[in-house]
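Let's take a walk through this structure together, one element at a time. Please have the sequence and the 3D view open as you read.

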Amino acid sequence: MEILRCEGVRKVYGSGDNPVCALNGIDFSVDKGEFVAVTGASGSGKSTLLHILGGVDKPTSGKVIIDGIDISSLDPTQAAIFRRRKAGLVYQFYNLIPTLSVQKNILMPLTLDKKKPNSEYFEKIVNTLGLSEKLDAMPNQLSGGQQQRVAIARSLIYRPALLLADEPTGNLDQKNSGEILDMLKLSNRTLKQTILLITHDEKAALEAGRIITIEDGQIISDEQRR
């Protein structure tokens, strides 16, 4: 079942004599349950693609359809609701709220919509990510790796159609980086979560089942690994 489709996505910044084309005709699709890495050098366009997929930015032309919704047509309010409910975003900087406990940080997307969590699913997430003993802790009491696990749990709590991870290991040492990649793989296997990992790290990309490589705003390879 297709969960994401990009059709002819272009993104051009600026106008006049010196426009910059960050993405130029991106076409690909992702099926439900896939773990896909998007890789490329700095400036290749991969971060621009992530921002468009997350509804943070809009394409200049083309369509992005996630879970049946053409997100390129959403207004800013609709896009914000879409991000909260359909696109789990994980960045290399954890963006946790320092005055809230681990549990309240994880539940924040539901709290904003005044919804109660499914207790069984919540327990499954925190157990999968090894956070069950840390729910009452504050972010400053956690290691970097633990804080990133909380950020992942928060992104999963709404059962998003797509989890978008932007260099999630970029701020971590080798040990914690390996643990976070293991957690992403585990959520893919155990929770059947569809994941798109944006990374310039070849080793991290190799953990995915499929690798899409972008160069100068275009896809130059799309390799199914397993």
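What follows is a short tour of a predicted model, from a sheet and its helix to the cores and a few single residues.

A good place to begin is the open sheet of four strands, whose order is β2-β1-β4-β5 with antiparallel pairing. The edges are taken by β2 (20–31) and β5 (69–70); each has a single partner strand, so one side of each has no neighbour in the sheet. Helix α1 packs on this sheet and touches β1, β2 and β4, with its direction at about 120° to that of β1. Further in, strand β1 (residues 2–13) and strand β4 (residues 61–66) are joined by five bridges in the antiparallel sense. To find this pairing on screen, look for Cys6, which stands opposite Val64 in β4. As a reminder, strands of a sheet pair through backbone hydrogen bonds, either parallel or antiparallel.

The parallel sense turns up as well. Strands β6 and β7 run parallel and are joined by five bridges, and here Leu89 stands opposite Leu164 in β7. Strand β6 is mostly covered, with four of its five residues buried.

From there, turn to helix α5, which covers residues 144–156. How far apart should its ends be at 1.5 Å a residue? The 13 residues should span 18 Å, and the end C-alpha atoms lie 19 Å apart, which agrees. How much of α5 is buried? Eleven of its 13 residues are, so to speak, under cover: they count as buried, because their relative accessible area is under 20%. Among them are nonpolar residues you may want to highlight, including Val150, Ile152 and Leu156, but also Gln147, Gln148, Arg149 and Arg154. The partners that the buried residues of α5 pack against are β6 (87–91), α3 (102–112), α4 (119–128), β7 (162–166) and α6 (174–190).

This brings us to the nonpolar cores. In soluble globular proteins, nonpolar side chains tend to be buried together. The largest nonpolar core in this model has 39 residues, and Ile106, Ile125, Leu129, Leu156 and Leu184 have the most contacts inside it. At least two residues each come from β3, α3, α4, α5, β7, α6, β8 (195–199) and α7 (202–205). Which element gives the largest share of this core? That is α5, with five residues. Leu129 shows the link to α5 nicely: beyond its neighbours within four places in sequence, Leu129 is in contact with Arg149, Ile152, Ala153, Leu156 and Met183. A second, separate core has 29 residues, including Val9, Ile26, Val38 and Phe82.

Two polar residues round off the tour. Lys185 is found in helix α6. Is Lys185 buried or exposed? Its relative accessible area is 19%, so Lys185 counts as buried, the cut-off being under 20%. Apart from neighbours within four places in sequence, Lys185 is in contact with Phe35 and Glu207.

Ser44 belongs to the loop between β3 (35–39) and α1 (46–53). With a relative accessible area of 5%, Ser44 is buried too. What does the side chain of Ser44 reach? At 2.8 Å lies the backbone oxygen of Ala41. Not counting residues up to four places away in sequence, Ser44 also touches Ala22, Ile214, Glu215, Asp216 and Gly217.

Terms used
Residues are numbered from 1 along each chain as its sequence is written. This is a predicted model: local features need pLDDT of at least 70, side-chain atom pairs count only at pLDDT 80 or more; totals for chains, interfaces and linings use all residues. Side-chain values use heavy atoms; hydrogens and water are left out. The expected span of a helix is 1.5 Å times one less than its number of residues. Buried means under 20% relative accessible area, exposed over 50%, partly exposed in between (1.4 Å probe, protein chains only). Contact means heavy atoms within 4.5 Å. A polar contact is a pair of N or O atoms within 3.5 Å; within protein, one must be able to donate a hydrogen and the other to accept it, and residues adjacent in sequence count only if both atoms are side-chain atoms. Two strands pair if DSSP finds at least two bridges between them. Axes are lines fitted to C-alpha atoms, for helices over the stretch in contact, and angles run from 0 to 180 degrees between N-to-C directions. A nonpolar core is a set of buried Ala, Val, Leu, Ile, Met, Phe, Trp, Tyr and Cys residues joined through side-chain atoms within 4.5 Å.
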